[in-house]
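Hi,

Here is the structure I promised to pass on to you. Have a look at it first, and then read my notes underneath.

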Amino acid sequence: MSTERDVFEYALVRVVPRVERGEMFNAGVLVYCRAKSFVAARTHLDETKLRALDPDADVAGVRAALRAVEGVCGGGEAAGQAAGDDAGRRFRWLIAPRSTVVQPGPVHTGLTADPEAEVERLLDLLVR
């Protein structure tokens with residue numbers, strides 16, 4: 001087993017049900033590792049938290065937006081206009097600031113030997 005570790009970047013995916021109030025909770029994580037040309041997102045929507053912040057929230061719309069984030073990371077047809085972009089461009093597009101119900105948090109860095117495992121570790125640690 002290799003102990004070589006590569007730099008990776010990650011950002012949380014946040015749900016802000018009522019943007020004007022600024023209340024939010026974590027609903028996913030984006031991970032990018034340039035050395036491995038790897039980008040992935042995993043999401044987990046806690047409907048109880050969503051309804052606590054906005055009883056009238058569009059749950060189906062939030063789920064669709066989270067699926068879209070995962071689709072852009074996965075590339076191919078699910079990535080829409082980003083389908084032809086490399087992993088780094090797709091990650092940069094997803095972390096661009098936006099004022100929507102589903103938005104990225106700040107970017108952080110770390111070292112990892114396994115970016116795929118890092119996605120699951122961060123999802124468990126910071127989202128679930």
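Below is what turned up, starting with the strands and moving on to the rings, the cores, the cysteines and two loop residues.

Please keep in mind that this is a predicted model.

**The strands**

I would begin with strand S1, residues 6-15. Eight of its 10 residues are buried, so S1 is largely enclosed by the rest of the structure. S1 has antiparallel pairings with two strands: seven bridges join S1 to S2, and nine bridges join S1 to S4, which covers residues 102-112. Arg14 is a handy residue for seeing both pairings: its bridge partner in S2 is Asn26, while in S4 it stands opposite Gln103. A little earlier in the chain, Leu12 has Val29 as its bridge partner in S2.

Strand S2 spans residues 25-33, and eight of its nine residues are buried. Besides S1, S2 pairs with S3 (residues 38-43), again antiparallel, through six bridges. If you want a place to look at that pairing, try Val31, whose bridge partner in S3 is Ala40.

S2 and S3 form a hairpin with four residues between the strands. One of the residues in that loop is Ser37, and its phi is positive, near 50°, although Ser37 is not a glycine. For context, most residues other than glycine have a negative phi. Ser37 is also exposed, with a relative accessible area of 60%.

**The rings**

How many aromatic pairs does a search of the whole structure find? The answer is two. Phe8 and Tyr10 make up one of them, a stacked pair with 5.9 Å from centre to centre and 25° between the planes. Phe8 and Tyr10 are both buried.

Tyr32 and Phe91 make up another stacked pair, with centres 5.3 Å apart and planes at 20°. This pair links distant parts of the chain, since Tyr32 belongs to strand S2 and Phe91 to helix H3 (residues 87-95), 59 residues apart. Tyr32 and Phe91 are both buried as well.

There is also a charge over a ring that you may like to see: the charged end of Arg98 sits over the ring of Trp93, at 5.1 Å from the ring centre.

**The cores**

In soluble globular proteins, nonpolar side chains tend to be buried together. Here, the largest nonpolar core has 25 residues, and the members that touch the most others are Val15, Leu30, Leu45, Leu50, Val62 and Leu66. Two or more residues of this core come from each of S1, S2, S3, H2 (59-74) and H3. Which of these elements gives the most to the core? It is H2, with six residues.

Leu45 is a good place to centre your view. Leaving aside residues up to four places away in sequence, Leu45 touches Val15, Phe25, Leu50, Val59, Val62, Arg63 and Leu66. Apart from the largest core there is another one, of 12 residues, and its members include Leu12, Cys33, Leu122 and Leu123.

**The cysteines**

The structure holds zero disulfides. For Cys33, the nearest cysteine sulfur is that of Cys73, at 13 Å, whereas a disulfide would need the two sulfur atoms within 2.5 Å. The converse holds too: Cys73 is in no disulfide, and its nearest cysteine sulfur is that of Cys33. Are these two residues buried or exposed? Cys33 is buried, with a relative accessible area of 0%, and Cys73 is buried, at 3%.

**A glycine between two helices**

Lastly, Gly80 is in the loop between H2 and H3. With a relative accessible area of 44%, Gly80 counts as partly exposed, because that class lies between the limits of 20% and 50%. Gly80 and Ala68 are 12 residues apart in sequence, and their C-alpha atoms are 9.1 Å apart in space.

If you have time for a few views, I would suggest Arg14 with its partners Asn26 and Gln103, then the stacked rings of Tyr32 and Phe91, and then Leu45 with its contacts, among them Val15 and Leu66.

Happy viewing, and best wishes

Methods:
Residues are numbered from 1 along each chain as its sequence is written. This is a predicted model: local features need pLDDT of at least 70, side-chain atom pairs count only at pLDDT 80 or more; totals for chains, interfaces and linings use all residues. Side-chain values use heavy atoms; hydrogens and water are left out. Buried means under 20% relative accessible area, exposed over 50%, partly exposed in between (1.4 Å probe, protein chains only). Two strands pair if DSSP finds at least two bridges between them. Rings of Phe, Tyr and Trp (its six-membered ring) pair if their centres lie within 6.5 Å; planes under 30 degrees apart count as stacked, over 60 as edge-to-face and the rest as tilted. A charge sits over a ring if NZ of Lys or CZ of Arg is within 6 Å of the ring centre and within 35 degrees of the ring normal. A nonpolar core is a set of buried Ala, Val, Leu, Ile, Met, Phe, Trp, Tyr and Cys residues joined through side-chain atoms within 4.5 Å. Contact means heavy atoms within 4.5 Å.
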